[in-house]
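Please open the structure in your viewer with side chains available for display, and follow the stops below in order. Each stop says what to select and then what is to be found there.

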Amino acid sequence: MADNLESQKAVAKPASHAKNDYEKDKFILRQLVTKDFKIKYRRSVLGVAWSVLNPLLMMIVMSIVFSTIFAQGRNGSVTPEMYPLYLIVGNVTFSVMSESTNQALMSIILASSLLKKVKVHRWVFPVQKVLFSLVNFAFSLVAVALVMLWFHVVPTWHLILLPVCLFLLMCFCMGLGLMLSALAVFFRDVMHLWSVVITAWMYLTPIFWTTDFIGKMAHWIQVLVVVNPMFNYLQFMRDIFLFNTVPSALTFGLCVAWAAVALAIGYTVFHKTEHKFILYI
């Protein structure tokens with residue numbers, strides 16, 4: 001009888017600890033996201049409005065430049081009237097990946113003083129940066145809505161798939177963020193290399209140029225573009241915002257695959273190296 005009671009207590013205790021750890025991690029995530037939000041917009045005249053104005057201003061400038069340069073290459077797939085919407089949807093989608101991974105990359109290093117004093121799960125810091133980028137993305141969607149209103153684009157029921165795309169994109173970004181944050185602790189050159197990768201990645205992704213140009217590229221570049229993860233996430237977003245269609249099975253499957261692969265690799269790298277962080281930060 002006594003043995004049974006002891007065994008039940010032993011089982012209940014780990015379960016209780018797991019629940020407490022979960023609540024603590026959730027509280028820390030919420031506090032860190034709130035802190036980053038306040039820091040970003042502190043002493044800013046425009047404040048949150050800048051998250052709406054920035055993608056709008058970028059869209060206007062890029063539309064003026066690239067709508068002229070690529071006017072002859074669209075072959076009717078994206079009309080001149082729809083090009084600004086095509087551009088802003090691609091731009092804000094790529095930006096959430098770029099911003100979240102850049103911030104996550106430095107998260108462990110910047111949290112070094114806290115990690116040395118407080119016992120907390122280390123994965124909280126890169127994941128928090130990704131969640132904060134999602135908050136900024138939510139404000140950017142206001143800019144997308146304004147463009148749709150300006151060009152009389154009526155939203156359709158396909159937008160109910162937006163949470164699905166965002167969930168997969170966030171998983172992909174979390175995987176990258178976990179991997180990059182771990183690597184940056186041991187190899188500080190990753191900080192400089194990643195900026196180069198992001199720049200090359202941006203030009204390899206159809207943000208301001210359209211998919212009509214893929215057929216005119218060298219075969220090996222075509223392969224790079226098609227297997228590019230952000231190509232699939234941008235295609236998903238444009239399907240539901242611009243083309244009013246359900247993403248193809250291939251697009252959806254690749255989005256799921258990239259999210260799963262990134263999370264698996266990111267978690268593995270982070271988990272196998274996190275016990276050494278304290279020695280390098």
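Is Glu 274 buried or exposed? Select Glu 274 in this predicted model, and the answer is that Glu 274 is buried, its relative accessible area being 16%. Now add Arg 122 to the selection, since the side chains of these two residues meet in a salt bridge with an N to O distance of 3.6 Å. Arg 122, in contrast to its buried partner, is partly exposed, with a relative accessible area of 29%. A search of the whole structure finds 1 salt bridge, and the pair links distant parts of the chain, the two residues being 152 apart. To see this, colour the loop between α11 (249-273) and α12 (277-280), where Glu 274 sits, and then the loop between α5 (112-115) and α6 (124-150), which holds Arg 122.

From there, turn to the nonpolar core, beginning with Leu 85, Ile 88, Met 97, Phe 172, Trp 201 and Met 230, which touch the most other members of the largest such core, a set of 71 residues. Extending the selection to whole helices, you will find that α2 (49-69), α3 (83-105), α4 (107-110), α6, α7, α8 (190-204), α10 and α11 each supply at least two residues of this core. Which helix gives the most to this core? That helix is α7, with 16 residues. As general background, nonpolar side chains in soluble globular proteins tend to be buried together.

Keep Phe 172 selected and display its surroundings: leaving aside residues up to four places away in sequence, Phe 172 touches Met 97, Trp 201, Pro 229, Met 230, Tyr 233, Trp 258, Ala 259 and Ala 262. Of these contacts, Met 97, Trp 201 and Met 230 were also named above among the core residues that touch the most other members.

Next, select Ser 107 in helix α4, a residue that counts as buried at 4% relative accessibility. With residues up to four places away in sequence again not counted, Ser 107 touches Phe 125, Pro 126, Lys 129 and Ser 181.

The cysteines make the next stop. The structure holds 0 disulfides, and Cys 165 shows why for one case: its sulfur lies 5.8 Å from the closest cysteine sulfur, that of Cys 255, which is too far for a bond. Cys 165 is buried, with a relative accessible area of 0%. Cys 171 is likewise in no disulfide, the nearest cysteine sulfur being that of Cys 173 at 9.4 Å, and Cys 171 is buried with a relative accessible area of 11%.

Moving to the surface, select Val 142, Leu 146 and Leu 149, which form a nonpolar patch with about 270 Å² of accessible area together. Val 142 is in helix α6 and is partly exposed, with a relative accessible area of 40%.

Finish with two backbone details. Most residues other than glycine have a negative phi. His 152, however, has a positive phi near 55 degrees; this residue is found in the loop between α6 and α7 (162-186) and counts as exposed at 71% relative accessibility. Asn 244, which is not a glycine either, has a positive phi of about 50 degrees. Look for Asn 244 in the loop between α10 (229-241) and α11, where at 30% relative accessibility Asn 244 counts as partly exposed.

Technical notes:
Residues are numbered from 1 along each chain as its sequence is written. This is a predicted model: local features need pLDDT of at least 70, side-chain atom pairs count only at pLDDT 80 or more; totals for chains, interfaces and linings use all residues. Side-chain values use heavy atoms; hydrogens and water are left out. A salt bridge is a side-chain nitrogen of Lys or Arg within 4 Å of a carboxyl oxygen of Asp or Glu. Helices (H or I, at least four residues) and strands (E, at least two) are DSSP runs, numbered from the N terminus. Buried means under 20% relative accessible area, exposed over 50%, partly exposed in between (1.4 Å probe, protein chains only). Patches are made of residues with over 30% relative accessible area and no salt bridge: like charges are joined within 9 Å, nonpolar side chains (Val, Leu, Ile, Met, Phe, Trp, Tyr) within 5 Å. Accessible areas come from the Shrake-Rupley method with a 1.4 Å probe; for residues, only the protein chains shown count as cover. A disulfide is a pair of cysteine sulfur atoms within 2.5 Å. A nonpolar core is a set of buried Ala, Val, Leu, Ile, Met, Phe, Trp, Tyr and Cys residues joined through side-chain atoms within 4.5 Å. Contact means heavy atoms within 4.5 Å.
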